[in-house]
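Trainee: Could you take me through one part of this model up close, starting from the core and then moving on to a sheet and the helices packed on it? I'd like to see how the pieces fit together.

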Amino acid sequence: MKSSYESELHQVATNLNSFILNELSEPIYISIGISSYIQSHKGSVNNDVLSGWLESLFNYTSHTRNIGVAPDNVLQFIFPLEGNEEAIGINYQDIPDQWPAIEQFMITGKSQFLGPITLVQGGKAFAYRHPIFVDGHYWGLVSTIIEASSILSSIKREAELYDASIRIRNSEGETFYSNETKTADTARYRVSQDVPLPNTSWQLEAATSGSPIALYSARVALAGFWLFILTSSYWLYINVKSRKSEKRRAQQMKSQFLASVSHELKTPLTVLQGSLSLLGQPGLSTEKRTILVNAANEHQQRLNRLILDILDYNLAINQLLPIQIQTVELISLLQNIAAEYESKCKQLRMHFSIKLPEDESYKLRTDSQRLEQVLRHLLDNAAKFCSADDSVELSLIINDKIAISITDTGPGIPKQFISSDAEHFSQHDSSDTRQQGGTGLGLALCKEVIALLDGQLLIESDSAKGTRVTISWPNKDWHSKKP
C-alpha cells in the first residue's frame, strides 16, 4: 500500500506533467494550423498573408522563438525574420545530425518533437516539425522552434512550488532539467512518469525524503486556470472548418463549450479559493487545517483531470495521442476495473455487476492504459447519471466481434445527443442549473481514443430502459483465445 508521501509525490509528477504539456501545446497547435493553411491552398504560400496571421498568433505564445516553412526541406520563410536571417535557405539535407530523422519523417508522415538541439543561428532549443502533404505527396515541413531557456525557466518556477527533486530526460536519456538545489541520491520516495509528446516522450522523475507538497499547493490549479481557458479557446479556433455553412455551428460549439467549462470549474475554484483564504487565518486548529487542505487537494485533482482530458482530446483529433499497442489479458483488465467500480456503486447505493465468458481468457492487441481510460470515463458517466437502486453492468461478449458493453438503467439520453452528428461538447441538460457536472468532452474523447485503437463505439439509449455503450473490434486472428 502506498504511503501518503508516495501518493503526494505521484500528484506532484502529474501536476508537472500536465503543466509541461500545457506549455508546449501552443507552438504545436500553431504548427498544425499553418500546415492546414498550406494544404488548403495546395502548397501556394503567400508570405504576406502568413506573416500577418502569425504576427497575431505570436501574441498568444510564451516560448516560441520562430516558425519556419520549408518546401522540399529548404527553409524559405521564417517568422519573425529579425534575428533569424541566417537560417533562410538552410537545406535540412546539409545538417547531418538532423537529416536521418527528417528522411524517416517523410516516410512515416508523423510529426516529431526533438531537443534540446543546437541552432544554426545559435542557442539551444526544442523543435516541433509537422509534415505537409499536398494531394498525397510530401510537400515540405513546418518547423517550430521553442526557446529552451524560456520553457525550462517556466518548469523551474513550477517545480519550486514543491519540496521535491525533479529531473527530466529526453528520449535519448539526456537529462536536460534538474533542480540542482535538491539532493535526489538519498531520496526515500521516487516516482517516474512519461511526458507524452508527438512520437516521442520525456521521462519525468520526482524524488523526496519527506512530504513533497507545500501546504498551499492548490494554487497550481489556480495559476493554470487562465492558461487552460486560453488554450481551450485557441484550440477550438484553429480546428474550426473554414466553410461558411459551418461557421455558425462552430461558433455555437465554442460558446457552448466555454459556458460548460465555466460551469464545471465554478465549484472547484470556489472551494480552492475559500480553502486558501481560511488557511491564512491565525489560530486555525490542526483538524480544521487538515480538512481544508484535503478539500483543496481533492478539487485541484478534479481540475487537473479536466485539463488532462482537454490535452488528450486535442492530441487525439490531430492524430498525436501516443498509442502503445501490446498484448492485453482482457478479462483480467475488466475484472480489475470491476473491483474498483463495485465499491464505488455500493457507496452510491447502486447495483453493479460484471458478466464475462465462463472459464475463458482472451487476449487483445491494444493500448491497455487508453482502454482503461475510456472504460473509466464511461463507467463514471453511468454512475454519475444513475440514481440509488439503479443498476450498472460491465460485460464482455465474444462472437464475430469482441464487444465490451457498459449498460445502465438510468434516465437515458435523447437521440439527438447520441447521433453521429451530435456536437462534441453538448449535454442534454446544458442549463446553468443542471444537477450533473461535465463539459460533454468525455464521450468525445472516448470516441476519438477508440478510433485510434481501431475499434468502434456505439451508443444505444432509451428513456424507459437506460443506456448501453458498446466498444467493439472484429474478432481477428490477433484477438485470440488462449489455448
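Mentor: Sure, and keep in mind that this is a predicted model. Let's start inside. The largest nonpolar core has 75 residues, and those with the most contacts inside it are Ile166, Ile168, Trp202, Leu375 and Ile404. Helix H1, residues 4–40, gives the most to this core, with 10 residues. Pick Ile168 and look around: leaving out residues up to four places away in sequence, Ile168 touches Ile20, Ile155, Glu174, Thr175, Phe176, Tyr177, Trp202, Gln203 and Leu204. Apart from the 75-residue core lies another core, this one of 14 residues, with Tyr37, Val69, Phe77 and Phe79 among them. That fits a broader habit: in soluble globular proteins, nonpolar side chains tend to be buried together.

Now for the sheet I'd spend the most time on. Five strands form an open sheet, and reading across you get E2-E1-E5-E4-E3, with antiparallel pairing. The edges are strand E2 (77–79) and strand E3 (112–118); each has a single partner strand, so one side of each is left without a neighbour in the sheet. On average, neighbouring strands here are turned by 20° against each other, direction ignored. Inside the sheet, follow strand E4 (residues 124–134) into strand E5 (residues 137–147): the two run antiparallel and are joined by 10 bridges. One pair to click on is valine 134, whose bridge partner in E5 is histidine 137.

Next, the helices on this sheet. Helix H3, residues 99–108, lies across E3, E4 and E5, and runs at about 30° to E4. Helix H4 (residues 148–159) lies across E4 and E5, running at about 55° to E5. Stay with H3 for a moment. Its buried residues are Trp99, Ile102 and Phe105. Seen down the axis of H3, these buried residues fall within an arc of 110°, so they line one face of the helix. The spacing makes sense, because an α-helix has 3.6 residues a turn, so residues three or four places apart point the same way. And what do the buried residues of H3 pack against? They pack against E3, E4 and E5. Right after H3 comes glycine 109, which has a positive phi, near 70°.

For contrast, have a look at another open sheet of five strands, ordered E11-E13-E14-E16-E15, where the pairing is mixed. Strand E11 (351–355) and strand E15 (456–462) are at the edges, each with a single partner strand, so one side of each is left without a neighbour in the sheet. Here the twist averages 10° from one strand to the next. E15 is joined by seven bridges to strand E16 (residues 466–474), and the two run antiparallel. Within that pairing, serine 461 has threonine 467 in E16 as its bridge partner. Helices cover this sheet as well: helix H8 (residues 330–347) lies across E11, strand E13 (391–398) and strand E14 (401–408), running at about 170° to E11. Helix H9 (residues 368–385) lies across E11, E13, E14 and E16, at about 25° to E14.

Zoom out to finish. The chain comes to 10 helices and 16 strands, and buried residues make up 49% of its 483 residues. Among contacts between residues at least 6 apart in sequence, 66% join residues at least 24 apart. As for the outside, the chain exposes about 24,100 Å², with carbon and sulfur atoms supplying 48% of it.

Definitions and conventions. Residues are numbered from 1 along each chain as its sequence is written. This is a predicted model: local features need pLDDT of at least 70, side-chain atom pairs count only at pLDDT 80 or more; totals for chains, interfaces and linings use all residues. Side-chain values use heavy atoms; hydrogens and water are left out. A nonpolar core is a set of buried Ala, Val, Leu, Ile, Met, Phe, Trp, Tyr and Cys residues joined through side-chain atoms within 4.5 Å. Buried means under 20% relative accessible area, exposed over 50%, partly exposed in between (1.4 Å probe, protein chains only). Helices (H or I, at least four residues) and strands (E, at least two) are DSSP runs, numbered from the N terminus. Contact means heavy atoms within 4.5 Å. Two strands pair if DSSP finds at least two bridges between them. Axes are lines fitted to C-alpha atoms, for helices over the stretch in contact, and angles run from 0 to 180 degrees between N-to-C directions. The arc is that of the directions from the helix axis to the C-beta atoms. Accessible areas come from the Shrake-Rupley method with a 1.4 Å probe; for residues, only the protein chains shown count as cover.
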